[in-house]
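Please walk me through this structure in the viewer, one selection after another, and say what is to be found at each stop.

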Amino acid sequence: MKFGIAKLSSYRRHRFAAPALLLVALLGVGSTFSVASALTASKAETQSAMSTQVSEGKQIFERGCSSCHGLNAEGSKIAPALIGVGAASVDFQVGTGRMPMADMSQQAMRKPPVYNAEQSAALAAYVASLAPGPASVNEAAITWQRDGNTAQGGELFRTNCAMCHNFAGQGGALSQGKYAPTLMGVEAKYIYEAMITGPQSMPIFNDKTISPAEKLSIIKWLKAAQSEPSLGGASLGRTGPVTEGLLAWVLGLGILIGIAVWLASKAR
Amino acid sequence: MSNEISKFQDPGLPAHQHRKSDTDPKAEKRAEQQVAILFLISAGGTVLSIASYIFIKPGKFVFLPIMGDVDAHQLFLGLGMAIALLFIGFGAVQWARRLMPDEEVVAERHEFRSEEVDRKDFVNTVKERAGVAGLGRRTLIKRSLGLALGLSALTPLVLLRDLGPLPKKQLNKNSWEAGTRLVTDPGDRPLRPEDLEVGSVAQVLPALKNGEERTLENIGTDAVLLIRLRPEDFQLNPERLSWTHDGIIAFSKICSHMGCAVALYEQQTKHLLCPCHQSTFDVTRAAKVIFGPAARPLPQLAITLDEQGYLVAKQGFTEPIGPSFWERSS
Amino acid sequence: MKKSEKIAGNVANYVDERTGAAKWLKKNLTKVFPDHWSFMLGEVALYSFIILLLTGTFLTFWFDPSMREVVYNGGYQPLSNVKMSAAYASSLHISFDVRGGLLMRQIHHWAALIFMAAMIAHLMRVFFTGAFRKPREANWLIGVGLVTLGIVEGFLGYSLPDDLLSGTGLRIAEAILQAIPVAGSYLAFFAFGGAFPGHVFIPRIYTVHILLLPGIFLALITVHLMLVWYQKHTQYPGPGRTEKNVVGYPLMPVYMAKAGGFFFIVFGVTAFLGAVASINPIWLYGPYTPGQISAGSQPDFYMGWLDGLVRMSPPLETHAFGHTISWNILIPGLIVPGILFTGMALYPFIESWMTGDKREHHLLDRPRNNPNRTALGAMSIAFMLVILINGGNDLIATHFYLTINQIMWFTRIGVFVVPPIVFIITKRLCLALQRKDREIVLHGRETGRLVMLPHGEFIEVHEELSAEKKYTLTQHEQPRALEVPDTDGRGVRNPQGIKGKLRARMSQAHVEQVSAPSESEAKALESGHH
């Protein structure tokens, strides 16, 4: 053995060694690839479709995203790296129109999406191809109508979400002009994706800390809160006592002072 | 000085001007009818209110612009009541304005100060009565009475003692101790480091021991926020760094300022914000206060892994949880 | 004689033979009350208090002030099977399972907000018109007491349902108690029966909220009204109105009808609000647990300024000799409010000391005619508004695209800068208004009518004011500054020293006025014209 290695290593410096090795390596890769593709002949087409989707996504990325996120999604001073964020993140950010950002404000706002569903999927596929991450979620898979428990969702929401998004999911202020957006009218799949990817200021809620079933419960509660009619009259934005106080002064005392002026006026 | 004297003179009350309803019988009749109509509208309001109580089932919604879907039972019950009350008021006021005499009346005021004679008499009476009682002389009685009265006020104070237990060391206590598992709130599931990826948070509580129940008082001292960052993001001293595990750091969720739950974690800036008074804490620097009224960082909980690989407390908190108090030493 | 008259006569006879009420009533049924809209503000407060008693009693029939844990099984589905306190569960029961219960809860809460707002507005009216002056200082003190107790009563009231928001408020209240030096943790443990939140606090504050404080309110309001009755109401200056009389409408029937009618109007307005506008939707807040919180946790407006003050406080804490003093809680939570309310209570005495004015006053000041007082009042309101803005900074931030940090810094600086600026501007404004008064008294009102004189000159016609108006605008006093000599007649330095100087300076500032025009001035002008 000792001899063999010594012998082999002596060939390493032969002038044909490098091209020969390259040849062997190429042959090896080629043959394994052909074997693999032969074995999974049915998958080949989808794979090539996938790779075209990836390359399509790469093109969109280079045109629309790379100026901030870097040519290879490695990130820059002004934008985070996207390697490993997964398709879910792209689906959320691009699908809700947050990306590409319109300006360099503190926080990307929800707006009409720039890319259509197909382009968005291509982008997601490209980013997912860089490194594994959470896969994007199919709206149909978020079966909150069927599964989930409203009351449990409420409890989870109050423990994990209400501190930023307010007790009724109306959103709230964060530091330095950042804010937690309202959750009213947000599609179930984007709520779900936000929980698993932690967009912008929002942290990630892993499936072990809030299980997928519990996430459905949260969505179920949010949808219940959204469709809840105004049980006590006009809801005043569901933001707590500030609007109530304003109304008490302006409408309550305002009306009463108006009536008092009439009451103390002389009739003619 | 002469200017002072010639101020504009008070022309006296302006002459009374008659209202239409004072002079014109037709106008008077109209006013009367108007008042009656107001009262009748009120009666209609009561009917509406009672009818909606009886006939509209709670949970029946009607759509109104601006307000959205409104519970018809509650809305019409209230509107009926409002109409009933408001129009009694409008009617009464209108009655007074249109039909009752509107001539202003003058009443004289009198100085409150009593006549000099009466004041003197009063002082004399008090003096004389006090003399009869010997108030001026009997200092022993006065002092002992003062003592007795003063002391008697103590009894009610002493009786309030049993309002609550003495604080003793209670404010320093919480349920965390070495080896306590961190479990999710709600759900009570233990966590492994790999359950948390970088950028994630978990609201956790100490695992319950057998037969124990979790009270609100426990949650008030035990609630903890678990955050995972990249280990290189930390700017901690070696001791505090050893309290973390592979980028996972744990802080008391109870604000060091006034005890609200601090759980607004901003993943990008790695700041924690308290929604009550907006104290901001920097997670990478052991929850150092970077904005707002809080004076102390959030207490950090030292964590490690147990044999099964679950996250546990390495030791209990090294300082009291929550807002400051007099006996707190740091 | 009609039958009804006969019955009434019999009743009156029965009562009078036992009480001698006829004599007193005869005199008082024609008691005169001046009429002005601003005199109704106190009535709004009084009537909303009665509404609070009525609706509050209704709520007690179902409310269970207990912190015992129950599992909810009522009409509000999203909370089914959730563990909560009996207090919260019964509040939900009132809201969803008692017909009209939610309406009553909402009327109760709206009436509470209007009660506080009306008391504050009434207090401002009394302040700006100088109605607190002798002989009404005692009533001012009672009023300040009522506002203070109102804040406490309101806070306890919205803490009772034990929802997430109110529990957060209690947590903060406990922290303030706990921060009191030496006795703090004892006070907190006695109040809460042990560690926060404990099991006794809600039943305890329930007793205070529905029995103790309403009782004190009733007593104070009774004295307040008796004093108003006995001392007779103040009146605005005008022709025929003097310090020696009171001009207005007799109690029976005009004032009775108006005041009685106004009670129904106040009740009607609160019922209207209760019917159309949701307030304190506790079912959305969820039950209280110390581990949860909502973004934008704020108190009701009458506590909001306190919250804003706490928010803007610098992070100061002293640790020495094994003890901690939390200045960041004590200063904004106790010391500053203590100074504010003490100052407010003592103001009538301070003003009378400053001016040396010990006379009775029954004629009100027009706010412009006392620029210093008006400016001081405006300054206090500005202070309150600045800190109130900070109390809602998170909502303001999200609604107006600002940052909470900006608003915090704006108010931190503004709380020192804005009130003095408001003081100066208000004082200037008052003096300008006085000048305007002087102008129109001497030169008449500009009619906007242009007339061409025969020689081609255009002039604007000025209309002379009526004698009544002239009198109203010029009747106010022109007080002189108090003279506090440095030395007495024999050259000995005034023993009051700095105090005396301060008093002289304050008095000087207080009397700053534009001199009111006199009739002789007007005459002189007139003769000049011709």
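The tour below starts with one chain, passes to two interfaces, and ends with cysteines and backbone geometry.

**Chain A on its own**

Bear in mind from the outset that this is a predicted model. Select chain A and colour it by secondary structure: eleven helices and two strands should appear, and from the N terminus on the elements follow the order α-α-α-α-α-α-α-α-β-β-α-α-α. Of the 268 residues in chain A, 45% count as buried. If you compute a contact map for chain A and keep the contacts with a separation of 6 or more, residues 24 or more positions apart account for 62% of them.

**Where chain A meets chain C**

Keep chain A selected and add chain C, so that the contacts between the two chains can be displayed. Here 49 residues of chain A are in contact with 61 residues of chain C, and the two chains bury about 4400 Å² between them, with 71% of that area on carbon and sulfur atoms. A search for salt bridges between chain A and chain C returns a count of zero, while the rule for polar contacts finds 15 residue pairs across this interface, both residues being at pLDDT 80 or more. On the side of chain A that touches chain C, the elements that give two or more residues are helix H7 (150–160), helix H8 (162–165), strand E1 (172–173) and helix H11 (241–264) of chain A. Highlight H11(A) in particular, since this helix gives the most to that side, with 18 residues. Coloured by class, the residues on the side of chain A that touches chain C divide into 28 nonpolar, 15 polar and six charged.

**Where chain B meets chain C**

Now hide chain A and show chain B with chain C. In this interface 84 residues of chain B are in contact with 116 residues of chain C, and the area buried between these chains is about 8500 Å², to which carbon and sulfur atoms contribute 65%. Select B:Phe8, B:Arg109 and B:Trp326 together: they supply 13% of the area that chain B buries against chain C, more than any other three residues.

How many salt bridges does the rule find across the interface of chain B and chain C? There are two, and one to display is that of B:Arg296 with C:Glu317, in which the closest N and O atoms are 3.1 Å apart. The count of residue pairs in polar contact between chain B and chain C, both at pLDDT 80 or more, is 31. Helix H1 (2–5), helix H4 (72–98), strand E3 (105–108) and helix H8 (216–222) of chain B are the elements that give two or more residues to the side touching chain C, and H4(B) provides the largest share, 17 residues. By class, that side of chain B has 48 nonpolar, 20 polar and 16 charged residues.

**Cysteines, paired and unpaired**

Next, show every cysteine as sticks. A search of the whole structure finds one disulfide over all chains, formed by B:Cys260 and B:Cys276, whose sulfur atoms are 2.1 Å apart. The torsion about their S-S bond is about -95 degrees, so the disulfide is left-handed. B:Cys260 sits in the loop between strand E7 (248–252) and strand E8 (264–266) of chain B, and B:Cys276 in the loop between strand E9 (271–273) and strand E10 (280–282), 16 residues apart. Both B:Cys260 and B:Cys276 are buried.

For contrast, pick A:Cys164, which is in no disulfide, the nearest cysteine sulfur, that of A:Cys161, being 8.7 Å away; A:Cys164 is buried, with a relative accessible area of 13%. B:Cys274 is also in no disulfide, and the nearest cysteine sulfur, that of B:Cys255, is 4.0 Å away. B:Cys274 is buried, with a relative accessible area of 2%.

**Backbone geometry**

Finally, go to chain C and inspect two peptide bonds. The bond from C:Phe196 to C:Pro197 is cis, with omega near -5 degrees, and C:Pro197 lies in the loop between helix H8 (184–192) and helix H9 (201–231) of chain C. The bond from C:Met252 to C:Pro253 is cis, with omega near 5 degrees, and C:Pro253 is found in helix H10 (residues 251–276) of chain C.

Definitions and conventions:
Residues are numbered from 1 along each chain as its sequence is written. Chains are lettered from A and ligands numbered from 1 in the order in which they are written. This is a predicted model: local features need pLDDT of at least 70, side-chain atom pairs count only at pLDDT 80 or more; totals for chains, interfaces and linings use all residues. Side-chain values use heavy atoms; hydrogens and water are left out. Contact means heavy atoms within 4.5 Å. Buried area is the accessible area (1.4 Å probe) that two parts lose on being put together, summed over both. A salt bridge is a side-chain nitrogen of Lys or Arg within 4 Å of a carboxyl oxygen of Asp or Glu. A polar contact is a pair of N or O atoms within 3.5 Å; within protein, one must be able to donate a hydrogen and the other to accept it, and residues adjacent in sequence count only if both atoms are side-chain atoms. Helices (H or I, at least four residues) and strands (E, at least two) are DSSP runs, numbered from the N terminus. Ala, Val, Leu, Ile, Met, Phe, Trp, Tyr, Cys and Pro count as nonpolar, Asp, Glu, Lys and Arg as charged, and the others, Gly among them, as polar. A disulfide is a pair of cysteine sulfur atoms within 2.5 Å. Buried means under 20% relative accessible area, exposed over 50%, partly exposed in between (1.4 Å probe, protein chains only).
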